[in-house]
Amino acid sequence: LLCLLPMLDAGYSTLIACLRGENRSAITAEFALSLLCSNVIEQAHGQLYLHSGANLFSYGLFKTDPVFAGSLQTPLTLDPGVFHFLLGHEALPFALELGASWVVPSPQFIEHTFAEHLSRCCQTASRQGAMCVVLRTSSEASVAGLVAQILARNDRQTLLLDLNLLPEDLTQACGFVTQALREVRMRGAGLLLSGAGAVRDSRPHVLAFLESRLARHTGPVLMVIARHLPVVRLSNLPHVVLEVP
């Protein structure tokens, strides 16, 4: 919220420059700690949340400058996606729209037993941490709307991430995954994966990165896969396999 202020009103940049002196208006980790902590002990504890591997950075809430990585002089620049979330906008970051989308719930009636099983699995994942629900189906295209309908009953959106559409560059692909997980975490949404089978065979490093990030994830993670293909399992996660009627 501190970093949001200058983006809302340029007057805050002037105020920060006055507080920092020498016409420096950037909010650094050091400045944030000095402003928000009442003593040196609190500042030392606060550094745990501002190193390069902490959630604020590993989930991409801030854009990072490699020159200052891990330093107290790290400028804390809020990512545009987080800025729009804090303002209540529904749009995804532009780059993420190339391979991810919010799913519109299907108006089609869902067979009661299947819906009940899926809803229970998603509730369990929300309480106990990450769990992958694998949905085997003969029609992958129609499943997303059904999942979104069931999650909407629990006031959750559904983000569909097509792993086939990730950038070819590994660093960019990992950044794409990070942004998707950030959007899901911020909004309390469910994550629906497609294309995992192809990525497992052609780009195992991308799948390995996704697995490492999901190990710390909370909330429903679902994977849709064609019935004639073998089930893809994400390591270190409990799995439930459901047949879509």
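So, R187 and E183: these two form a salt bridge, with the closest N and O atoms 3.0 Å apart. This is a predicted model, by the way, so keep that in mind as I go. Why do R187 and E183 sit about one helical turn apart? Because they are 4 residues apart in helix α9. And are they buried or exposed? R187 is buried, and E183 is buried too.

Now stay with R187, since there's another partner. Its side chain also meets that of E90 in a salt bridge, at 4.0 Å from N to O. Here the pair links distant parts of the chain, with the two positions 97 residues apart. R187 belongs to helix α9, which covers residues 170–187, while E90 is in the loop between α6 (80–86) and β3 (100–102). The burial isn't matched on the two sides, either: R187 has a relative accessible area of 15%, so it goes down as buried, whereas E90 comes out at 47%, which makes it partly exposed.

Okay, over to another pair, E243 and R227. Their side chains meet in a salt bridge at 2.9 Å, N to O. This one, too, links distant parts of the chain, 16 residues apart: E243 is in strand β8 (residues 239–243), and R227 is in the loop between β7 (220–226) and β8. How exposed are they? E243 is partly exposed, with a relative accessible area of 41%, and R227 is partly exposed as well, at 30%.

Back to the R187 group for a second. Salt bridges with shared partners join D79, E90, R182, E183 and R187 into one network. If you want the tally for the model, the count is 8 salt bridges.

Let me zoom out to the protein chain. What does the secondary structure come to? You get 11 helices and 8 strands. The C-alpha trace spans about 65 × 35 × 35 Å along its principal axes. Of the 245 residues, 46% count as buried.

On contacts: take those with a separation of 6 or more, and 72% of them are between residues 24 or more positions apart.

Then the surface. The chain exposes about 12600 Å², and carbon and sulfur atoms supply 58% of that.

Last bit, charges. There are 17 positive and 19 negative ones in the protein chain, and how far apart are their mean positions? The answer is 6 Å.

That's my tour, so let's put R187 up on the screen and talk.

How values were computed:
Residues numbered from 1 in each chain as written. Predicted model: local features only at pLDDT ≥ 70, side-chain atom pairs only at ≥ 80, totals over all residues. Heavy atoms only, no water. Buried < 20%, exposed > 50% of the residue type's maximum accessible area, 1.4 Å probe, protein only. Contact = heavy atoms within 4.5 Å. Areas by Shrake-Rupley, 256 points an atom, 1.4 Å probe, with all protein chains shown as cover. Lys, Arg positive; Asp, Glu negative; His and termini not counted. Charge placed at Lys NZ, Arg CZ, Asp CG, Glu CD.
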